[in-house]
Structures are given as structure tokens and as C-alpha cells.
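Let us walk through this structure together, step by step. Please keep the sequence and the 3D view at hand as you read.

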Amino acid sequence: MKRLRKISIRRQVRNIVCLFAVLTAGCLHFLAAAESETSDDVLNKAGQVIRDIPYLPGSPRTTGDFYIPSNVSAVSPVAMTIHGGEWAYMDKDSFQGVAQFLCEEGYLVFNINYRLLGEGPWPLCGDDCLATVEFLLKAENPYLKNVKREHIAVLGGSSGGHLALMTGLRACNRVNKVVSISGIADVAMDYAQFPDRYKDFFESAPSENDLLAASPTGHLNENRPAILCTHAEGDKVVNPEEAKSFITKYTQAGGSAEIYLYPRFNDGHCIWRPDSVPRRLYPDIEDKIKSFLKE
């Protein structure tokens, strides 16, 4: 009788061990699947991703990733995307969800790195963005053949929004659409509120002329692409009053511009969907950008 009980207990232990092994394997499979969803497999759903293409020689930072839609054709438009990070940190991977979104909309997207303030002050990062425009419009890159690239769209977020605005305004009519997502639109206003942000931006303490030359508000009478600024009313990083002031001045100067303000107060710029991988903009922001680009 005791022997039978021992055998029964052993069988139960074996069953429990087997069940634990099955559950563990299932969990590992689930985790592996979840991890793979953060990799290029997710990004490739919209098409193909070609990484680290140089647009300017001399620095490992002057590279970008092509996001090529599955239905790319001679009428596919071209866009470049510019990450944020106070011109001093972060990289293109932080903005890959925006590039993916545009690729899903049929754009051939070039998502770039640029030289950060540690490599040199303004206008180095801005000049890298201008070099990207030249590359996209003129380079004999095989990924750029047979697409529509008379003009390009430029999108950026935060300090990347500032770079997007400056690129569109400095690019001599080669950019036809600009989207600034929570971007710095008035450098003088921003400097007054956040001077520490500019400790490496200028070579020395900036004059009024320096602030104006580095600001979209100082380039109102040059090239006039259509501009969309999106901004949360509760943005804690960049004051939405900057975008409001810029849009007013730009339209008064004869430019076409609009602002999308939304009541969100949850964190920082209030632009990213919680737990999205790669980070995606809130649906209402994406919808507004889509309608603007189609106009």
C-alpha cells in the first residue's frame, strides 16, 4: 500500500514537472514573440527597411534609414524625418515609428541621424539636414530611382521639429510640406524660458541677431512651404505659445500654415501612444498629419 502511494506521488510530481516545463516553454515562446515585435519585423510590415545609408561623408552620424513601401512606384512621394533630443542626444531609432507611419501612407521615407551639439554648434545640425535634402533630390542612389522627388516633405519632433522648420525655410523651394511635432518654433522665446538648453547650441552668448538667425521666425520672407505645427496644450517641454506665435507671423508674411492644438496633459510632449513599440504618435496626430500631407 505504501509502495503504491509512493508510485502515485512520483507520478504526480512528474506530471507537475512536465506541466511546469510546458508552461515555461509557452512563456518563453510568448516572450520571444514579443521581443521579435520590437525588431525590424515590425518595421518591415509596411515594406522594406534599409539601414545606415550615408548622405554625407565624414561622420558616422550623417546616415539615415530608408523605409520603402511595398507598393513603391514612380508616383511615390519622398519624406525625411528628424528625431528630437535638444540637438544633443537621441538618434533616428527614437523616431522610427513616425517613419513607419509615413511608409504605411505610401511615402519613401529617409529617417536620419545628424551631428549633435557635441560635434559642433549651430548651424552644423541644420546644415546636415540641408545636405539630406540635396541627397534625396539629386543622389544616384538605387533606392531613389523611379520615385517622385521634385519636392519632399520634412517632419520632425521637438528639436527635430525646429530642424524640420528650418530645413523647409532654408531649402530654396525644394521642400513643399513641413510638419513640426511639438517643435521649437521661436528660438528667442524658447531661449528666454529654457536658457540651459542652448549652452552648447551657440558658440558664445547669443545676440538678438543670433537668436533670430537660428529661429524659424527669422526666415519668414524666404521660401514658403506649407507648414503644419502640432502641439499639446499641456506640453511641458516646449511652450505651445511658440507655435502659435510662429504660425501668426508666417501667415501674416503670406505663407500657408496651420496649427493643431489638442488638450492632452499626460507627460512631456504628450505625443506618444503608451506602450507602443516602436513609439507611435497618438492616432489623432497621425490623422491630422495624413490629411495635411494629402492637401
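Helices and strands here are DSSP runs, at least four residues long for a helix and at least two for a strand, and they are numbered from the N terminus. With that in mind, please note that this is a predicted model.

A good place to begin is the loop between β3 (78-82) and α3 (96-104), where you will find M90. M90 is not a glycine, and yet its phi is positive, at about 70°. Its relative accessible area is 34%, so M90 counts as partly exposed. Keep this residue in mind, as a similar case turns up later.

Now turn to the sheet. It is an open one, built from 8 strands in the order β1-β2-β4-β3-β5-β6-β7-β8, with mixed pairing. Which strands stand at the edges? They are β1 (47-54) and β8; each has a single partner strand, so one side of each has no neighbour in the sheet. From one strand to the next, the twist averages 15°.

Let us look at β4 (108-112) and its partners. Strand β2, residues 63-69, runs antiparallel to β4 and is joined to it by 4 bridges. Within this pairing, Y67 has V109 as its bridge partner in β4, and F66 has F110. With β3, by contrast, β4 pairs in the parallel sense, over 5 bridges. Here I82 finds its bridge partner in I112 of β4.

Is β4 mostly covered or mostly open? It is mostly covered, as 5 of its 5 residues are buried. In a regular strand, side chains alternate between the two faces of the sheet. You can follow both faces of β4 in the view: L108, F110 and I112 are buried on one side, and V109 and N111 are buried on the other.

Helices lie against this sheet. Helix α4 packs on the sheet and touches β1, β2, β3, β4, β5 (152-157) and β6 (175-181), with its direction making about 160° with that of β3. Helix α5, residues 159-170, also packs on the sheet, where it touches β3, β5, β6 and β7; its direction makes about 155° with that of β5.

Next comes the interior. In soluble globular proteins, nonpolar side chains tend to be buried together. In this model, the largest nonpolar core has 53 residues, and the members that touch the most others are F66, M80, I82, F135, L136, I152 and F246. Which helix gives the most to this core? It is α4 (residues 124-138), with 8 residues. F135 is worth a closer look: leaving out residues up to four places away in sequence, F135 touches I53, P54, Y55, F66, F110, N141, L144 and R149. Apart from this core lies another, of 28 residues, with Y262, Y282, I289 and L293 among them.

What about disulfides? A search of the whole structure finds 0 of them. C125, for instance, is in no disulfide, and the nearest cysteine sulfur, that of C129, is 6.7 Å away. C125 is buried, with a relative accessible area of 0%, and C229 is buried too, at 2%.

The loops hold a few more details. In the loop between β4 and α4 sits P123, which a cis peptide bond joins to W122, with omega at about 15°. Another cis peptide bond joins V277 and P278, with omega at about -10°. P278 belongs to the loop between β8 (257-262) and α9 (283-294).

D275 also lies in the loop between β8 and α9. Here is the case that recalls M90: D275 is a residue other than glycine, and its phi is positive, near 65°. With a relative accessible area of 80%, D275 counts as exposed.

Let us finish with D235, in the loop between β7 (226-232) and α8 (240-252). Is D235 buried or exposed? Its relative accessibility is 9%, so D235 counts as buried. Neighbours within four places in sequence aside, D235 is in contact with S182, P240, G268 and H269. D235 and S182 are 53 residues apart along the chain, yet their C-alpha atoms are separated by 7.7 Å. The side chain of D235 also has a polar atom 2.9 Å from the backbone nitrogen of V238.

Note on methods. Residues are numbered from 1 along each chain as its sequence is written. Side-chain values use heavy atoms; hydrogens and water are left out. A nonpolar core is a set of buried Ala, Val, Leu, Ile, Met, Phe, Trp, Tyr and Cys residues joined through side-chain atoms within 4.5 Å. Buried means under 20% relative accessible area, exposed over 50%, partly exposed in between (1.4 Å probe, protein chains only). Contact means heavy atoms within 4.5 Å. A polar contact is a pair of N or O atoms within 3.5 Å; within protein, one must be able to donate a hydrogen and the other to accept it, and residues adjacent in sequence count only if both atoms are side-chain atoms. A disulfide is a pair of cysteine sulfur atoms within 2.5 Å. Two strands pair if DSSP finds at least two bridges between them. Axes are lines fitted to C-alpha atoms, for helices over the stretch in contact, and angles run from 0 to 180 degrees between N-to-C directions.
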